[in-house]
Amino acid sequence: QVQLVESGGGLVQPGGSLRLSCTASGSIIRFYAMAWYRQGPGKQRELVAGIDSSGNTNYTDSVKGRFTISRDNGKKMVYLQMNSLKLEDTAVYYCNCHYPGGQVHYWGQGTQVTVSS
């Protein structure tokens, strides 16, 4: 059992930065894969960034070089550093967690990121 809570969203101008945080509780997180997804207005939910239990990361092409996912297993937290934000980054961002090979995916409630001038 894992519970996830996101924070750090808000309103930011194009070119600005935000750092999203996801706090996990209820289970040992070390062996879980973590990810950030987002869903923009009128769009499907998409994977933004992922990080596995070994610290390997992957990113969707549109955020490569701008976003960085990281994790702190001791604090049971996952972060998404978002730099050089663009209008198209506007979305609700969701934290995701799953155990590799398992069926259950855990989701946070989402945090709104709005990029606007």
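**Entry 1: burial and surface**

I began with burial, and buried residues make up 43% of the 117 residues in the chain. I keep in mind that this is a predicted model. Next I looked up the surface: the chain exposes about 6100 Å², and carbon and sulfur atoms supply 48% of that area.

**Entry 2: overall build**

How many helices and strands does the chain have? I found zero helices and eleven strands. Reading along the sequence, I wrote down the pattern β-β-β-β-β-β-β-β-β-β-β. The radius of gyration is 13 Å, close to the 13 Å that the globule rule gives for 117 residues, so the chain is as compact as a globular protein of that length. I also noted the box that the C-alpha atoms fill, roughly 40 × 25 × 25 Å along the principal axes.

Then I checked contacts. Of those with a separation of 6 or more, 55% are between residues 24 or more positions apart.

**Entry 3: strand β1 and its partner**

I went through β1, residues 3-7, one side chain at a time, and the side chains alternate. Leu 4 and Glu 6 point to one face and are buried. Gln 3, Val 5 and Ser 7 point to the other face and are not buried. I made a note of Glu 6 for my charge entry, as it sits on the buried face with Leu 4.

How does β1 pair with β3, parallel or antiparallel? I found the antiparallel sense, over five bridges, with β3 covering residues 18-25. For a landmark on the screen I picked Val 5, which stands opposite Thr 23 in β3.

**Entry 4: strand β11 and its two partners**

I turned to β11, residues 111-115, where the side chains alternate as well. Thr 111, Val 113 and Val 115 point to one face and are buried, while Gln 112 and Thr 114 point to the other face and are not.

Which strands does β11 pair with? I looked up β2, residues 10-12, which pairs with β11 in the parallel sense over three bridges. There, Val 12 has Val 115 as its bridge partner, and Val 115 is on the buried face of β11. I then looked up β9, residues 91-98, which runs antiparallel to β11 and is joined to β11 by three bridges. Here Val 92 has Gln 112 as its bridge partner, and the Gln 112 side chain is on the face that is not buried.

**Entry 5: charges**

Last, I looked up the charged side chains. The chain has 11 positive and 7 negative ones, and the centres of the two sets lie 4 Å apart.

Terms used:
Residues are numbered from 1 along each chain as its sequence is written. This is a predicted model: local features need pLDDT of at least 70, side-chain atom pairs count only at pLDDT 80 or more; totals for chains, interfaces and linings use all residues. Side-chain values use heavy atoms; hydrogens and water are left out. Buried means under 20% relative accessible area, exposed over 50%, partly exposed in between (1.4 Å probe, protein chains only). Helices (H or I, at least four residues) and strands (E, at least two) are DSSP runs, numbered from the N terminus. Two strands pair if DSSP finds at least two bridges between them. The radius of gyration is taken over C-alpha atoms; the globule rule is 2.2 Å times the number of residues to the power 0.38. Contact means heavy atoms within 4.5 Å. Accessible areas come from the Shrake-Rupley method with a 1.4 Å probe; for residues, only the protein chains shown count as cover. Lys and Arg count as positive and Asp and Glu as negative; His and the chain ends are not counted. The place of a charge is taken as NZ of Lys, CZ of Arg, CG of Asp or CD of Glu.
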